[in-house]
Each structure stands twice: as structure tokens, then as C-alpha cells.
Amino acid sequence: MAKNRNITTTQLALMTAAAVISLRGLPMMAQEELTMFFYIFFATFLFLIPAALVGAELGSAFASKGGGVYTWVKEAFNKHMGFTAIFLQWIQNVVWYPTVLGFAAASIAYMIGMPDLAQNGLFVGLFSIAMYWCATLVTLRGTSAISGITSKGFLIGTVLPGIVVIVMAVVWMIGGNSVALEHIPDTVSQVVNIDAAHHVHPRLFPHITGMSDIAFLAGILLLFAGVEVHAVHAPELKKPQTQFPRAMFLAALISFGLFTLGALAVAIITPYDQINLQSGLFTTFQIVFEHYHVGWLTNVMGLLVAFGALAGVMSWISGPSRGLLWTAQEGVLPCFLQKTNKNGVQINILIIQGCIVTLLSSLYIVMNDVSVAFFLLSALTVGLYLLMYMMMYAAGIRLRYTQPDLTRSYRIPGGNAGMWLVGGIGFLAVLFSFIVTFFPPSQLPVGSPAMYTWLVVVGTAVFLSIPFVISFVMDRRAAGAADKPSGR
């Protein structure tokens, strides 16, 4: 297999940050107003940092082997568990593509000055399908082609628009304009408090009466997920043992800063009832740019954000599917999935992946409400990924005991107790968030709560059962081959 040893620490950090950060998450956090700080604190200190630390230790320990989360979990438990982990990472990723591509479609709608197209299912569906296959064609050219596009796309299409919305929020406040988060409707009890004089004040801590009030927690946690996804590219660094941990910490720092300030900027400029999960960021740009008579900049931002979203898609296409290739090469998947092209890229896996994304993107076309399809796909994505993180944390803890002498250039400080603390906190935070995913958010009109829960339960169960069925079939096939006479 071809290997490209031309990725730098900064490139890997930017590729990872591009996988983690999507500006589509800013409206979701902005909808929580000042209570966003509670969610961001939870996501950063109980999830992002533990995931980066455990991912850095495991990534540096198995840098020479590659395979990412598959290798980590396999070494800790067995190859079937490892396959389940990489499958969950891969399939949640496949389900996620149509959501971020739907966001890119909304970006293009604003770029061409036709914002209504953002809610047109036919446009969103066809755009998502076409752009995904274009991204796949670029991916087939190899890691060097992807890293260049994802790094530039992240800086131009995610960091730059993120900085612009932050700067415009500062300009907005200096100009004495109305700060939207000071005028939240008193009916939104989760994010506002009403005092004895009937004055409405934004809450710093969410008003929790049930699990549905914090259902956004799992979605916000997912926004910070992905720091481990490019561990499969660790062998392509010149000094993976030291460069990989540095790349993880740099990516985590960039993610925290951009998410926090960007979401606050959206909440400052955009009235609460105009914050839309799919196109809310462009509403913010439209409000502020039209106020300062430079409305055409909304079109420019639409182009840049679309480029950033597509760069994020490319960043993810190469990671989990490459981990899946490792499992195929170890006989966990059928032989035809081992096929790579001249650039060493897993061509058959990418074709199957593209067919599934095409099918899922078609939901936009057949469902009446684009936002409902968008949110339902997001909800399915969350639970699958959180299950994988539980396996990753468990692997980090177990390997301290089963392979204590394994060379780890980065080791979580504090000995085994330190790993139990960091991995344990991460595991419990993810477990709690996983439970929350089965409760429909009170902030969104999702229809029947029972139907919502049923769909998420069934979807999670179906996707979780697939790797076990594949493992069972492959084991039976291997046993059958072993029983056959070796010669005639």
C-alpha cells in the first residue's frame, strides 16, 4: 500500500479541527443563549479534553500500527470489539454526511441570493448527493490531495467566517445596536428567568424540569467530537510519537475558541425566534450585513462556508473509511473491501459509503420538512458515536493493565489513577449524554415524543447489530474454510 509521509503537525491539527468544527453547530448552541456556557463547559472539560488526552496516549502508543480506534479497541479487548468501534465511527459518519451537506446547500442558497432554496428538499437533496461524489473523487487522489484542501478549506471556509461573525458581533455592540440575548421571549423558560418585577433575565444555568430540557447536550457534545478521527494518519507524520499528541491539543484549543465565541456572536445579533438550526448562521450574516449596507457580503460568506463544509466532509471521508480498510486487511470484512487504487485509497469502501450517503440524502427529497430530516439524521448520529467513545475510554483504561510496558510517548499523568480519572470522567459524561439522546428536546417541535424515541431506539439498535452480524458471518466463513481439505 502506498504511504504518503508529507503531513505536518499543523496540517494534521487543522485536518482534525476541520473534522471537529462545523459552523452549522453555532445556531444550536446560540439557541441555548447564555446557558450555552454550561453546555460548552460540560463538552470541553468532561468530553473534549478527556477525548484528546486518551486519544493522544492511544494514538502515540500505536502510531506505528495505524488503524485508529480499531487497533486501540482490538488491542484492549478483541478484534470483534475493535471492528464494532470502527464500524460505529464509520456509520455515524456516513449518517452525518447528509446533515453537513444540507448545511452546505443552505450556504449555496444564500450565496446565489435565493435563501428560500435552503428549505427546498429537492435542491438540498440533489446538491448533497452531487457534492458528496465530487468530494469522493478528490479523496481517491490520496492523502496529500485531501490534506491540502481540508487545511485551506478549514481556514478559508470555517475559521475566516467564524472570525467575521465574532468581529461583527463586537462591531454590533459598539454601534449601540440591540443585543438579541437581552430580549428573549419570556415563554422560553429553559434559557430565561423572570423576577418578581416581571423582568426577563437570561439564565446562566439551564432550567431543568426533565431530561428533555437538556436533550441538546448530546447534540452539542457531538459538535466537539472527532479529535481521534485522524489517528489513522499518525504513521504518515515524520515523528508520530511526538507530533500526534501536539496535533490533538492544538485541534482541541482551536475548536474550543471558535465554538464559544462564534455561538455567542450569533446569540448577540440574531433574535431568538429567527435562530434556525440549518440556516441560522446566514440569518445572522444577513441581519448584520444589511444593517451596515453591505448585504452582498452574505453571498460571499455563503460561498466560503460552503467550501468549509465540503472541506470538513473530505476530512471525514478519509479517516473512518481508512480504519475500516485495516479491518478488511485483517480478515474481519470480505476480501473485496481490501481493494485500494494506485494511491493506496480504499476504493470499494468509498463506493459503498457513497451509495449509502446517496440513499440518506434522498430523505431531503421525500420528506416535507427539510429541518425535520436534518434533525432526525443528527439525532441518529449522536448515539452511535457516543457508544464508540465509551469503547475508546474503556480501551485506554484496560491497556494500562494488559500492556503496561507499551511505549507511550505521551502518557496521561498520575499513573493508572490518572487514566482512571480522565478516562472515567469521559466515560461517565458520554454515558449520561447517550441516555439523554433518547429524549426529544423540549426546544424543538419534533412531533410525537414517543415516535421520536422509538425512531432513535430502533435506528441505534439496527446500526449497532450490523457489526455483530458481519463478525458472526465472517467467523462462520473462516471456520468453514479451515474445515476444508487443504489439497486434492
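## Core and surface of a predicted model

Val457 counts as partly exposed because its relative accessibility is 39%, a value that lies between the limits of 20% for buried and 50% for exposed. The structure described here is a predicted model, and in it Val457 belongs to helix H16, which covers residues 449-483. Together with Met451, Trp454, Leu455, Val458 and Val462, Val457 makes a nonpolar surface patch of about 520 Å².

In the interior, the largest nonpolar core has 154 residues, and those with the most contacts inside it are Met29, Tyr97, Phe224, Leu281, Tyr389 and Met392. Helix H5, residues 79-111, gives this core its largest share, 20 residues. Leaving aside residues up to four places away in sequence, Met392 touches Ala51, Val54, Gly55, Leu58, Val69, Trp72, Val73 and Glu228.

Asn93 also has its place in helix H5, and it counts as buried because its relative accessible area is 1%, which is under the 20% limit. The side chain of Asn93 is joined to that of Tyr97 by a polar contact of 2.6 Å, while Asn93 also touches Trp316 and Pro320, again not counting residues up to four places away in sequence.

Thr402 is found in helix H14, residues 370-402, and its C-alpha atom is separated by 9.5 Å from that of Phe77, although the two residues are 325 residues apart along the chain.

The table lists the accessibility of three residues.

| Residue | Relative accessibility | Class |
|---|---|---|
| Val457 | 39% | partly exposed |
| Thr402 | 39% | partly exposed |
| Asn93 | 1% | buried |

Notes
Residues numbered from 1 in each chain as written. Predicted model: local features only at pLDDT ≥ 70, side-chain atom pairs only at ≥ 80, totals over all residues. Heavy atoms only, no water. Patch = residues over 30% accessible without salt bridge, like charges linked within 9 Å, V, L, I, M, F, W, Y side chains within 5 Å. Areas by Shrake-Rupley, 256 points an atom, 1.4 Å probe, with all protein chains shown as cover. Salt bridge = Lys/Arg side-chain N within 4 Å of Asp/Glu carboxyl O. Helix = DSSP H or I, 4+ residues; strand = E, 2+ residues; numbered from the N terminus. Buried < 20%, exposed > 50% of the residue type's maximum accessible area, 1.4 Å probe, protein only. Core = buried A, V, L, I, M, F, W, Y, C linked by side-chain atoms within 4.5 Å. Contact = heavy atoms within 4.5 Å. Polar contact = N/O pair within 3.5 Å; in protein donor to acceptor, adjacent residues only side chain to side chain.
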